Amino acid sequence: MPRSSTGPAVAVLTAAALGAVAFLGYQAAATAPDHPTQARPGSHSDGSEDRAKKTKKKSTVLPRNSGTGTRVVYALGDRRVWLVGADGRATRTFAVGPSSASPDPGTYKVTSRNPGGVGSDGVQVEHVVVFHSEGGVVFGFSAAMDGTMPDPDARKRTGAVREARADGSAMWEFAQVGTAVVVIA
C-alpha cells in the first residue's frame with residue numbers, strides 16, 4: 001500500500017491551528033475584566049466609585065423624611081435605593097448607578113413594569129420598573145444583563161437607574177404598579 005504524504009502536513013497544520021487558538025485564548029484572558037460586572041469604558045463604574053467609597057463612606061440608614069408606608073426610596077446624592085415595607089422599615093438597600101438625567105425630588109408611583117428589553121442606552125436590561133416620564137425621558141430602575149452601569153456623562157439624556165441583577169430581582173418582586181417611589185436629593 002502506498003504511503004500518503006499528506007499525513008505529516010495535516011499534523012503540522014493541526015498543531016499550528018491549536019497553537020493559534022491557545023494564543024488567542026491567552027490574549028482574551030489577559031485583556032478580560034477582572035470581574036464580570038466591570039463596566040464599559042466611560043461608565044461611572046470604572047473604579048471611580050470604588051475610590052469614592054474609600055474616601056467617604058456613605059450611610060445606608062434609611063433617610064428621615066422619606067415618606068411613609070410601603071415605598072421605594074431613591075436618594076439621588078447617595079446613589080442608593082431602599083425598599084421599605086408597610087411598617088416603615090427598610091427590607092433591603094443597595095447602591096445604584098444613575099444615567100445622564102435624574103428626576104426631580106418628589107413622590108411618584110410605579111406606572112409600568114417590563115420583564116426585559118433594550119434600555120434607552122442600547123443595553124439589554126431586565127426587571128424594568130418605570131416610575132416617571134418627563135420631557136421625553138423615561139425614569140425607571142433596571143438591571144443590565146451584562147452587569148454594566150450607564151454613563152452619567154453621556155450626551156443622550158436617559159433616565160435609567162441601574163441596579164445589580166440581584167437587586168433588580170428584589171426591586172421587581174417589591175415594586176408593583178402603584179407602589180410609591182420617593183425621590184430625595
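1. Tyr74 has Val183 as its bridge partner in strand S10. The model discussed here is predicted. S10 covers residues 180–184, and its pairing with S1 is parallel, over 5 bridges.

2. S1 also pairs with strand S2, residues 80–84. Here the two strands run antiparallel, and 5 bridges join them. One of the facing pairs is Arg71 with Val84 of S2.

3. The connection between S1 and S2 is a hairpin, with 4 residues between the strands. Arg79 lies in the turn and has a positive phi of about 50°.

4. Is S1 buried or exposed? Of its 5 residues, 5 are buried, so the strand is largely enclosed by the rest of the structure. Both of its faces are covered. Arg71, Val73 and Ala75 are buried on one side, and Val72 and Tyr74 are buried on the other. Tyr74, the residue paired with Val183, thus belongs to a face that is covered.

5. Ahead of S1 (71–75) comes a loop that starts after helix H2 (48–55), and Ser59 is found in this loop. Ser59 has a relative accessible area of 42%, so it counts as partly exposed, a class that lies between the limits of 20% and 50%.

6. Which residues does Ser59 touch, leaving aside those up to four places away in sequence? They are Arg80 and Trp82. Ser59 and Arg80 are 21 residues apart along the chain, and their C-alpha atoms are separated by 9.5 Å. Strand S2 spans residues 80–84, so the contacts of Ser59 with Arg80 and Trp82 link the loop between H2 and S1 to the strand that pairs with S1.

Methods
Residues are numbered from 1 along each chain as its sequence is written. This is a predicted model: local features need pLDDT of at least 70, side-chain atom pairs count only at pLDDT 80 or more; totals for chains, interfaces and linings use all residues. Side-chain values use heavy atoms; hydrogens and water are left out. Buried means under 20% relative accessible area, exposed over 50%, partly exposed in between (1.4 Å probe, protein chains only). Contact means heavy atoms within 4.5 Å. Two strands pair if DSSP finds at least two bridges between them.
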